[in-house]
Amino acid sequence: CRFSLSSYLKFLGLMAVVTAARFAIFKMASHVPADPDSVATMQSISPWQFMLVFWEDAFFTLPTIVLEKLGSSTFARNLMLGLSSVAFASGHIAYGLPWAFITLFYVPFISYRYGKKNGLGTVMACHITYDMVTWLTMMHILKG
């Protein structure tokens, strides 16, 4: 669960670009494409809740990394990643099937790969930052 400050700072740079793109896209839109239920849900979220998203990476990725360190087979690792991916994506179905499909790839290609390379602590910090910046961006756009 190591943390790499340099990798996290690179991620912050990426988030700055993503956030600027989000603002540009919403500025060009004639209206904010959010229904009242989605807006109410976003407004009911406490910023402190984002500090808990690290558990997703711990629950869906850490067991695979630990088993791999203990010498499990490639088949076992891939099976764990597959099951974790489906479970993680199913938790995002409420956001719509396209979003659930996109999140299907989060565990193996972001959390696991990036975690092995840069430390799962780095992934957790980036995940918290991503969710918080996304929420703050939407709150600002919805106000405006």
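Helix 7 (residues 106–118) contains 13 residues, yet its end C-alpha atoms lie only 15 Å apart, short of the 18 Å that a straight helix would reach at 1.5 Å a residue. This is read from a predicted model, and the values below are computed from that model.

**Helix 7 and its surroundings**

The buried residues of helix 7 are Y106, V107, P108, S111, Y112, G115 and N118. Their packing partners are helix 1 (5–28), helix 3, helix 4 (62–69), helix 5 (74–90), helix 6 (97–103) and helix 8 (120–143). Helix 2 is not in that list of partners. After helix 7 comes G119, which has a positive phi near 100°.

**The chain as a whole**

The protein chain has 8 helices and 0 strands, and its pattern along the sequence reads α-α-α-α-α-α-α-α. The C-alpha trace spans about 55 × 35 × 25 Å along its principal axes. Of the 144 residues in the protein chain, 33% are buried. When contacts between residues at least 6 apart in sequence are taken, 74% of them join residues at least 24 apart.

The protein chain exposes about 9100 Å², and carbon and sulfur atoms supply 72% of that area. It carries 10 positive and 6 negative charges, and the mean positions of the two sets are 15 Å apart.

**Confidence**

The mean pLDDT of the protein chain is 90, with 97% of the residues scoring at least 70. Among the elements, helix 5 has the highest mean pLDDT, 95, and helix 2 the lowest, 78. Where pLDDT is low, the predicted coordinates should not be read in detail.

**Individual residues**

T137 is found in helix 8. Is T137 buried or exposed? T137 is buried, because its relative accessible area of 4% is under the 20% cut-off. Leaving aside residues up to four places away in sequence, T137 touches T19, R22 and F23. These three partners have numbers that fall within the 5–28 range of helix 1.

Two further residues belong to helix 1: V18 and M28. V18 counts as partly exposed because its relative accessibility is 26%, a value between the limits of 20% and 50%. M28 counts as exposed, since its relative accessibility of 70% is over 50%.

Q49 sits outside the helices, in the loop between helix 2 (36–43) and helix 3 (54–60). With a relative accessible area of 43%, Q49 is partly exposed.

For Q49, V18 and M28, a separation in sequence can be set beside a C-alpha to C-alpha distance in space.

| Pair | Separation in sequence | C-alpha to C-alpha distance |
|---|---|---|
| Q49 and M132 | 83 residues | 9.2 Å |
| V18 and E56 | 38 residues | 22 Å |
| M28 and T134 | 106 residues | 18 Å |

The pair Q49 and M132 ties the loop residue Q49 to a position 83 residues away in sequence, at 9.2 Å in space. For V18, in helix 1, the distance to E56 is 22 Å across 38 residues of sequence. M28, also placed in helix 1, is 18 Å from T134, with the two positions 106 residues apart in sequence.

Definitions and conventions
Residues are numbered from 1 along each chain as its sequence is written. This is a predicted model: local features need pLDDT of at least 70, side-chain atom pairs count only at pLDDT 80 or more; totals for chains, interfaces and linings use all residues. Side-chain values use heavy atoms; hydrogens and water are left out. Helices (H or I, at least four residues) and strands (E, at least two) are DSSP runs, numbered from the N terminus. Buried means under 20% relative accessible area, exposed over 50%, partly exposed in between (1.4 Å probe, protein chains only). Contact means heavy atoms within 4.5 Å. Accessible areas come from the Shrake-Rupley method with a 1.4 Å probe; for residues, only the protein chains shown count as cover. Lys and Arg count as positive and Asp and Glu as negative; His and the chain ends are not counted. The place of a charge is taken as NZ of Lys, CZ of Arg, CG of Asp or CD of Glu. The expected span of a helix is 1.5 Å times one less than its number of residues. pLDDT is the predictor's confidence in each residue, from 0 to 100.
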